[in-house]
Amino acid sequence: MQLPIHATYETFLLKSLAMKTLILFAHGKDSGPWGTKINHLAAIAKEMGAEVLSLDYSDLPDPETRVVRLQTLSLPPHDQLVLVGSSLGGYVSTVASQALKPAGLFLMAPAFYMPGCSEQNPIPVADKVCVVFGWHDEIIPVEHGIRFAQAHNATLHVFNSGHRLIDVLDQIGVLFEQFLSELMTEVN
């Protein structure tokens, strides 16, 4: 039996509205799961209808153990996954992307090419990758972000800021909203 056209359209609309974007945040080495950047970006994501989770890695100093925690997390139902990482969380999100295969990676001052990280050339597995850095990053050289973005054809934004990027958080929020909007449009 074939459904009337309006019933098929209504089913399509209901499925479209039910599509869920899940955003997983990964904090840096010395911060926590609900720091200033994550709170700011999570509010934007929630406003756009996404579900957000931020894992606490503060009990795990080792980057590779953090990757395993993220990769083995039991995720709530979703149609699209986005990983967002700051500093060491950027490294963790990128390495975990190889198993999780998110639609997007949004990386702020990611800890690439740093001592203590076993994958010195992490390969992102995502449809869309955005890297944000500060010109004056005192912890991770901006050249690391440029190198990564160039090697993987990622979008790169560099601000007149340091490692924490707090002074340009409003601008990063605009970038993040645009990033999510493009990803969510592609799903619907």
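1. Overall make-up. The protein has six helices and six strands. The model is a predicted one. Along the sequence, helices and strands follow the pattern α-β-α-β-α-β-α-β-β-α-β-α. The pattern opens with a helix and ends with a helix.

2. Burial and long-range contacts. The protein contains 188 residues, and buried residues make up 49% of them. Take the contacts with a sequence separation of 6 or more. Residues 24 or more positions apart account for 66% of these.

3. Helix 3 against helix 4. Helix 3 spans residues 63–71, and helix 4 spans residues 88–100. Their axes come within 9 Å and cross at roughly 50°. That angle makes helix 3 oblique to helix 4. The crossing of helix 3 past helix 4 is right-handed.

4. Who meets whom in that pair. Helix 3 brings Pro63, Glu64, Arg66, Val67, Leu70 and Gln71 to the contact. From helix 4 come Leu88, Tyr91, Val92, Ser93, Val95, Ala96, Ala99 and Leu100. By type, the residues of this contact divide into ten nonpolar, two polar and two charged.

5. Salt bridges. How many salt bridges does a search of the whole structure find? The search finds two. Each is taken in turn below.

6. Arg69 and Asp59. The side chains of Arg69 and Asp59 meet in a salt bridge, at 2.8 Å from N to O. Arg69 lies in helix 3, while Asp59 lies in the loop between strand 2 (51–54) and helix 3, so the pair ties together parts that are ten residues apart in sequence. Arg69 is partly exposed, with a relative accessible area of 29%.

7. Glu182 and Lys128. Here the side chains meet in a salt bridge at 2.6 Å, N to O. Glu182 belongs to helix 6 (residues 169–187) and Lys128 to strand 5 (residues 128–134), so this pair ties together parts that are 54 residues apart in sequence. Glu182 counts as partly exposed, at 33% relative accessibility.

8. Gly104, in strand 4. Strand 4 covers residues 104–108, and Gly104 lies in it. Is Gly104 buried or exposed? Gly104 is buried, with a relative accessible area of 0%. Gly104 and Asp127 are 23 residues apart along the chain, yet their C-alpha atoms are separated by 5.8 Å. Set aside the neighbours within four places in sequence. Gly104 is then in contact with Leu81, Val82, Leu83, Ala126, Lys128, Phe179 and Leu183. One of these partners, Lys128, is also the residue that forms a salt bridge with Glu182.

9. Leu169, in helix 6. Leu169 lies in helix 6. Its relative accessibility is 8%, and Leu169 counts as buried. Which residues is Leu169 in contact with, leaving aside its neighbours within four places in sequence? They are Thr36, Lys37 and His40. Leu169 and Thr36 are 133 residues apart in sequence, but 8.9 Å apart in space, C-alpha to C-alpha.

10. Points to look at again. Helix 3 takes part in the oblique crossing with helix 4, and it also holds Arg69 of one salt bridge. Helix 6 holds Glu182 of the other salt bridge, and Leu169 lies in helix 6 too. Gly104 is buried, and so is Leu169. Arg69 and Glu182 are partly exposed.

Notes:
Residues numbered from 1 in each chain as written. Predicted model: local features only at pLDDT ≥ 70, side-chain atom pairs only at ≥ 80, totals over all residues. Heavy atoms only, no water. Axes fitted to C-alpha atoms, helices over the stretch in contact; angles between N-to-C directions. Helix = DSSP H or I, 4+ residues; strand = E, 2+ residues; numbered from the N terminus. Parallel < 35°, antiparallel > 145°, perpendicular 65-115°, else oblique. Left-handed = near helix turned anticlockwise from the far one by under 90°. Contact = heavy atoms within 4.5 Å. Nonpolar A, V, L, I, M, F, W, Y, C, P; charged D, E, K, R; others polar. Salt bridge = Lys/Arg side-chain N within 4 Å of Asp/Glu carboxyl O. Buried < 20%, exposed > 50% of the residue type's maximum accessible area, 1.4 Å probe, protein only.
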